[in-house]
Structures are given as structure tokens and as C-alpha cells.
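Could you look over the model below before we discuss it? I have set down my reading as a short series of numbered points.

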Amino acid sequence: MTGQADQLTPEYHALLGIVRGYERSRAVTVAAELGIADLLRDGPRDVAGLAAATESHAPTLYRLLRALAAIGVFAEDDDGRFSLTPMGEYLRRDHPLSVDPPARMFGADYEWRAWGDLPHSVRTGETAAQHALGVDVWEYRRRHPEHGAIFDATMRTFSRADSARLVAAHDFGRYGCVADVGGGTGAVLAAVLAAHPGVRGVLADQEHVVAGAPAVLCEAGVSDRVTIAPADFFHRVPRGADAYLLVRILHDWPDDEAVRILRTVRAALGPHGRVLIVDAVVGPPGEDPLTKFLDLMMLVSAGGRERTGPEWQDLVARAGLGLLGSTPVGPTRHLLEAVAV
Ligand SMILES: C[S@@+](CC[C@H](N)C(=O)[O-])C[C@H]1O[C@@H](n2cnc3c(N)ncnc32)[C@H](O)[C@@H]1O
């Protein structure tokens, strides 16, 4: 056996860590589903109390929590009591940047089934979720409103986390009206309008999604400046805005559908209007793992893709638009500005 110990390099351990990554992800999701972080909000608790509150098997809940404490999500003291760490605070459901919705979305059973079908995608190029679920994820979430609500909450977390960079990167104050197409429950639009009191907004998304917007807009104090417009962006978006925002929209769709969305926006655009696309631009070979794994997420789940700079140019050109430029606004996001040509 001599010689093989020499091969226990950091790469061996790193690769095994990657292979077993799902264990940690799954454990965090279960803790989120049980609402453990909320139960720890007021201070440390023992497992007996946590198990009673979550109707769990106490010795097994202990094994889950001690594993999560070993990677910094919770802290375990010598008396077997658990408390929140700075990381675990993000699992609280009342945290403005709560990771509870992403933990429950990415770890949801239907997403696992989709990822389990990754081999199907790789063999055929088809969307794994569609194959595994029999419908696309949008239809699945329509049929399962509890999962739709978790998805919308995930988007709110992401929007709150990265809107500040978007707002700082572009002068939204020059517009009279900004339409957020596929704007979810309005967290991005709320950030834009809160920074620019002279700007009005239009929020366009599926009817059952914008139903959740009033509370978000009200909390941001911008409700009186927003028109909520249920819309199907494959058919029509409201006319008359000076800028059309598309945040994390086009990467959800294959090229032909993405072009259809852009053409709908182009049809609503005035002669001096701007199209503001916020999505990833794929980095060079061997770099940018966040975007390249987001691309796999799009392949498996929504059926879309992340795009390189030249791919973005081709895509917008097919919709009669031309790119003016692109600015990074986050680890997996660029702001791509386009106009009608
Ligand atoms: C990835 S989310 C992005 C939400 C929001 N822009 C953000 O960044 O937080 C994609 C959005 O597209 C919306 N969507 C999907 N199909 C749609 C359709 N046919 N018409 C309008 N909106 C749609 C979804 O409801 C969802 O809110």
C-alpha cells in the first residue's frame, strides 16, 4: 500500500469535498424547513426543546444540529445547547437578507428531482425539470403555490442583496418612468424608486406573482408611484416607460424565447427608450465558477442559459436592439444597456 499515501494530495480532499457537497446543502435545507433559526432567535436552546417545537426525533435532530454546528451554521456549547452564529442569523425568516427561502427553494424536492435528471439534460440538451416533473418550473410553481411563494421570496432576498450595486451603477434618475418586466414582487423596482423620488414605476409579472407586490412596495414607501400591471411578457408589456428593466429574466429562457421577450419589449419601447438587462456574462475559460454553475442551474431547472458577451450581442440584435455597453453589478451580474436600432 506504500505509495498511495503520497497521492493523498489537497486535490484528493478537495474533490471528495465537492462530491459530497450535497450533504451540507441538504442538512441546511432541513434545518430551514424546521425553522430552527427562528427558534434560536432569543438565545440558546437544548435539543429536547427544539425537538418538541419541531415535532422531531430528538437524538436525530441533535445529530443534524451538531453537524451544522461543525461547519459554522449554528454553535454548540458543552451542555449540548445550540445558538445562532453570524452565519445562522441569515436563516432567520425575518432577516431582510434571509437565506431561508433559497435554502428551501434550492433544496426543494422538485429541484432535487430536476438535478437528479441532469444526465438526461447532458444526453439530450433538454431541460431536466421538464423531463422529471412533466411541466416546466413556472407551471409547477403555479400548480404548487407554496413553492411559488418560496421562489418569490428567494428573488426578494437576491434583489435586496444586490440592488444597491445596480442602483449605484446606473443613473435611473434621468427617467420619468421605469418598467420592471418580470419584476417579481417588486423588490428591485422598490430599490430604484426609493433612491429616486422623482421616478415612477410599472411592475409587470404574472398575475399570481404581482399579487405579492403591494406589501413589498408599501414597506419601501413607494406604492403611490407604482402601477402594478399583470402581464405575459411573451405577448405584451405596458407601453410608455422610458426604461425597461429585465432582471434575471433572459437567462431563464433558451434563445428563441429570450428573443420573443425582447421583441415584446422592443414593441413597447419609445424611440429614446432604454432596455436594461441585468444578467450574467460568462467569464473566460477556467474562471467564474458561480456563473458557470448558475448556467447548469438554468439548464436543469428553468431551461435557459447564461451567455457570453458575443452571445448577448447576437441575442439583442435578433430582437432589433443594439448593445451600448455592459457594467458588472455583482458576482454573477452585469448591467447590459440596449437601444432600438
Ligand atoms: C428569476 S425571476 C426574476 C424576478 C425579478 N426580476 C428579480 O430579479 O427578483 C423570473 C420572473 O419571471 C416571471 N415570469 C415567468 N414567466 C413569465 C411570463 N410569461 N410573463 C411575465 N413574467 C413571467 C416570474 O414570475 C419571475 O418573477
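The points below go through the basis of the model, its domains, its sheets and the helices that pack on them.

1. This is a predicted model, in which local features need pLDDT of at least 70 and side-chain atom pairs count only at pLDDT 80 or more, while totals for chains, interfaces and linings use all residues. Residues are numbered from 1 along each chain as its sequence is written, and side-chain values use heavy atoms, with hydrogens and water left out.

2. The protein chain is divided into domain 1 (5–92), domain 2 (96–158) and domain 3 (159–340), with bounds that come from an automatic or database domain assignment. Taken over C-alpha atoms, the centres of domain 2 and domain 3 are separated by 20 Å.

3. Between domain 2 and domain 3, 22 residues of the former are in contact with 20 residues of the latter, contact meaning heavy atoms within 4.5 Å. The two domains bury about 1800 Å² between them, 60% of it on carbon and sulfur atoms; buried area is the accessible area (1.4 Å probe) that two parts lose on being put together, summed over both.

4. The count of salt bridges between domain 2 and domain 3 is zero, where a salt bridge is a side-chain nitrogen of Lys or Arg within 4 Å of a carboxyl oxygen of Asp or Glu. On the side of domain 2 that touches domain 3, the largest share, five residues, comes from α12, helices being DSSP runs of H or I with at least four residues and strands runs of E with at least two, numbered from the N terminus.

5. Three strands form an open antiparallel sheet in the order β1-β3-β2, two strands being paired if DSSP finds at least two bridges between them. Because β1 (45–46) and β2 (74–76) stand at the edges with a single partner strand each, one side of each is left without a neighbour in the sheet. β1 and β3 (residues 81–84) pair over two bridges, and Arg45 stands opposite Phe82 in β3. Helix α5 (residues 58–70) lies across β2 and β3, running at about 105° to β2; axes are lines fitted to C-alpha atoms, for helices over the stretch in contact, and angles run from 0 to 180 degrees between N-to-C directions.

6. Seven strands form an open sheet of mixed pairing in the order β6-β5-β4-β7-β8-β10-β9. Strand β4 (residues 177–181) pairs with β7 (residues 243–247) in the parallel sense over three bridges, and Ala179 stands opposite Tyr244 in β7. Helix α13 (residues 187–195) lies across β4, β5 (200–205), β6 and β7, running at about 175° to β5.
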